[in-house]
Amino acid sequence: MGLSRALSRALGRALGRALGRALAAVLVCVGLLVAAPVTAHADPVPVGPPVVLGEAVYAGTLRVDDGGWEPADASLDYQWLRAGEPVPGAVGRTYDLGLDDLGRRLRVEVTATDASGASSTARSEPTDRVRRADLRVRREPVVVGRPRYGRVVSADPGRTAPAATRTTYRWEVAGETVAGQAGRRYRLGAADVGRKVRAVVTLKAPGYRRLTLTSPGRRVHHRVPVRRTVTYSVQTRGRITTSLRAFRRQAQETYVDARGWRGAGVRFRPVPRGGSFTLVLSAAAQVPSFHPICSAQWSCRVGRYVIINEERWKHASPAWNAAGGRLRDYRHMVVNHETGHWLGRGHASCPGAGQPAPVMQQQSKGLGGCRFNAWPTVRELR
């Protein structure tokens, strides 16, 4: 009986120790499980938003400041957007602006991917609308050629970078646009003499703003330089019923006009009296008093006297009027014709049907198939 109790106590102690060791092992395992850290995963986070750098100008280059990311070793990918839509193939840190971008806004998406493959995306603010660029002037336009009446000058448009793909022209004389002259070449007219001519050049290229440049002005000269200066005075003969003041003024206008004998190098200068010749406004009845060859019906030249018949001055001639000619043109013609005799020119005939009549042809009487013309022809000026 005593033996049985002792055995029971021994077995109880052994079993308690075994259970204690087992329980301790379980508690150790549980402790280890509780103490083991739980690894939490988070997507990459931008430190700051990406920013597009550079001007939104055609042919310029935009680049991205990605703003920084956590983790710092995340790999970055880029996608440029135009008006909110992805631009095919635009996946670099820089973007070259082209024609399709004009008037649009650009932005960029940056996608960060960490080592675990987790990723997140941030988007920049949009740029201003892309505007056209400015052409750079390398060389200013100039007017090329001799600026003399009757000659043709041309516009050298200069040079820009990049080179213009389209160039248009207009011409200015004394600051006023010459109507109907839109080509690169311009024939200088009588009214241009003494004034400055300029070429206005407008240059265009795709993606660039239109550029308009004006050449320096060049003063237009007469057909030839002055070779001879003559003086003249004005007189009347008989009773004159027209304005002598208007006669003086209009005669001088004829003499200085680039289409007249000034085109042969002759300069006419009025003086109060005397001079190289005398320009006379004569009553019709007094014209024959200068010489029997003169008629009361027409104008005449005798010696130093260039005689203008007042009736012709006032009314032109029947043939001229029948053809619808202007009185002012007739006055130019008759002064040029009679002064041409004083300069040594004889009468001329029509060179061919439909051509301008030489000023030395007797146009008051008829044309022989030519057209009325108030000014010396180029052949007569030689």
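## Basis of the description

Contact here means that heavy atoms lie within 4.5 Å. The model is predicted, so local features need pLDDT of at least 70 and side-chain atom pairs count only at pLDDT 80 or more, while totals for chains, interfaces and linings use all residues. Residues are numbered from 1 along each chain as its sequence is written, and side-chain values use heavy atoms, with hydrogens and water left out.

## Nonpolar cores

F277 touches V230, T231, Y232, S233, Y255, F268, R304, V306, T339 and W342, residues up to four places away in sequence not being counted. In the largest nonpolar core (buried Ala, Val, Leu, Ile, Met, Phe, Trp, Tyr and Cys residues joined through side-chain atoms within 4.5 Å; buried means under 20% relative accessible area with a 1.4 Å probe, protein chains only), F268, F277 and L279 touch the most other members among its 29 residues. The largest share of this core, five residues, comes from α5. Apart from it lies another core of 24 residues, including V153, V173, V197 and A205.

## The largest pocket

The largest pocket (an open set of points on a 1 Å grid over the protein atoms alone, where a 1.4 Å probe fits, with protein on both sides within 12 Å along at least five of seven lines; lining residues have an atom within 4 Å of a point) holds about 340 Å³ of space. Of the 20 residues that line this pocket, S299, H337, E338, H347 and Q362 are the closest to its centre. With six residues, α5 gives the most to the lining of the largest pocket.

Key. Grid points are joined across faces, edges and corners, and a volume is the space filled by probe spheres set on the points. Helices (H or I, at least four residues) and strands (E, at least two) are DSSP runs, numbered from the N terminus. Buried means under 20% relative accessible area, exposed over 50%, partly exposed in between (1.4 Å probe, protein chains only).
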